[in-house]
Amino acid sequence: MTEAVIVSTARTPIGKAFRGALNNTEGPTMAGHVIGEAVRRAKVEPGEVEDVVMGCAMQQGTTAMNVARKGAIRAGLPVTVAGTTIDRQCASGLQAIAVAARSVVLDGVKIAVAGGIESISLVQNEHMNKFHAVDDELMAMKPAMYISMLETAEVVAERYKISRERQDKYSLECQRRTASALQGRRFSDELVPIATKMTVIDKATKQVSLRDVTLAQDEGPRPDTTAEGLAKIKPVFEGKTITAGNASQLSDGASACVVMSDTLLTASGSSITRISSACVFGSMPAVGGCQARA
């Protein structure tokens, strides 16, 4: 039986939405940056890629109209390479990898690219298309369809009795582990620095300018986080539990991996990961999904 294997992966560093280095970088450019690098690392010809599957939860504006296809072209892949974009909200990037793996195992696809892309800075702002965003009939049937991720988190916390203290403790441990991984350069191999132009707003004059930047490291980790500091942060909703310290930040970024049929592997020494349910839904880098932070 044919197996699907991951032969390469590449991702941008994760940028802070609105205030970070990727706040002015278009979706196709971010997607193309990682798609092209993943293909290069896999040592396959661009024309050999049969399909590009990317997850994206905010498909409008810069990420509208099949950003996977746009990213493929931006990466320099020929127009013969197909593309499709998937929205499974927070699991969009992971779902894209699962779809690519199934196409290899079941549909005869030899080489595919999968991953995710999200540009919160250019989409989740005053330019978001809210025209008829709420279906009144659906709202009458199931109002919870339209609640935010922050509200959803509060529902989960209340339902399963997850206290603010437990959330803060988990957040602190995440920061500690991330700091340790950064110190050990555990993320270095997967990162692809990106040179771009960042929007900067002068606090005094409100004047907007563009600054040339190169993002080489994730902007989210806070290695100096302390339990005392987390405890001082006010919750988003009065009397509730979710804060800017224990929720994921709003981010911009992209990630891609090359998924290949094991029958194509050669004795080139390529490092591979066989795709299992644990791999697809737990451990592979896959940007593309909702991110909710105050």
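How many residues apart are Arg40 and Glu37 in helix α1, and what does that spacing amount to along the helix? They sit 3 residues apart in that helix, which spans residues 27-42, and this puts about one helical turn between them. Keep that pair in mind while we look at the whole model, which is a predicted one.

Start with the overall build. The protein has 9 helices and 9 strands. Its radius of gyration is 20 Å, close to the 19 Å that the globule rule gives for 294 residues, so the protein is as compact as a globular protein of that length. If you draw a box around the C-alpha atoms along the principal axes, you get roughly 60 × 45 × 45 Å. Of the 294 residues, 43% are buried. Take the contacts between residues at least 6 apart in sequence, and 82% of them turn out to join residues at least 24 apart. On the outside, the accessible surface comes to about 16100 Å², with carbon and sulfur atoms accounting for 54% of it.

Now for the charges. There are 33 positive and 31 negative side chains in the protein, and the centres of these two sets lie 5 Å apart. Side chains of opposite charge can pair when their charged atoms come close. In this structure, that gives 8 salt bridges.

Back to the opening pair, then. Arg40 and Glu37 form a salt bridge, with their closest N and O atoms 2.5 Å apart. The two partners have quite separate surroundings: Arg40 is exposed, at a relative accessible area of 54%, while Glu37 counts as buried, at 15%.

Helix α7 (residues 164-183) has a pair along similar lines. Here Glu173 and Arg177 are 4 residues apart, again separated by about one helical turn. Their side chains meet in a salt bridge, at 2.9 Å from N to O. Glu173 is partly exposed, with a relative accessible area of 27%, and Arg177 is exposed, with 56%.

Strands get in on the act too. The side chains of Lys197 and Asp212 meet in a salt bridge of 2.6 Å, N to O. This one links distant parts of the chain, 15 residues apart: Lys197 is in strand β6 (residues 194-201) and Asp212 is in strand β7 (residues 208-215). Lys197 is partly exposed, at 41% relative accessible area, and Asp212 is exposed, at 60%. Elsewhere, salt bridges tie Arg11, Glu190 and Asp218 into a network.

So what about a charged residue with no such partner? Have a look at Asp51, which belongs to strand β3 (residues 51-55). Asp51 is buried, yet has no salt bridge. The nearest side chain of opposite charge is that of Arg69, 8.3 Å away. A salt bridge needs the side-chain nitrogen to be within 4 Å of a carboxyl oxygen. As for what does surround Asp51, set aside its neighbours within four places in sequence and you find contacts with Val81, Ala82, Gly83 and Thr84, and also with Ile111, Ala112 and Val113.

Note on methods. Residues are numbered from 1 along each chain as its sequence is written. This is a predicted model: local features need pLDDT of at least 70, side-chain atom pairs count only at pLDDT 80 or more; totals for chains, interfaces and linings use all residues. Side-chain values use heavy atoms; hydrogens and water are left out. Helices (H or I, at least four residues) and strands (E, at least two) are DSSP runs, numbered from the N terminus. Buried means under 20% relative accessible area, exposed over 50%, partly exposed in between (1.4 Å probe, protein chains only). Lys and Arg count as positive and Asp and Glu as negative; His and the chain ends are not counted. Contact means heavy atoms within 4.5 Å. The radius of gyration is taken over C-alpha atoms; the globule rule is 2.2 Å times the number of residues to the power 0.38. Accessible areas come from the Shrake-Rupley method with a 1.4 Å probe; for residues, only the protein chains shown count as cover. The place of a charge is taken as NZ of Lys, CZ of Arg, CG of Asp or CD of Glu.
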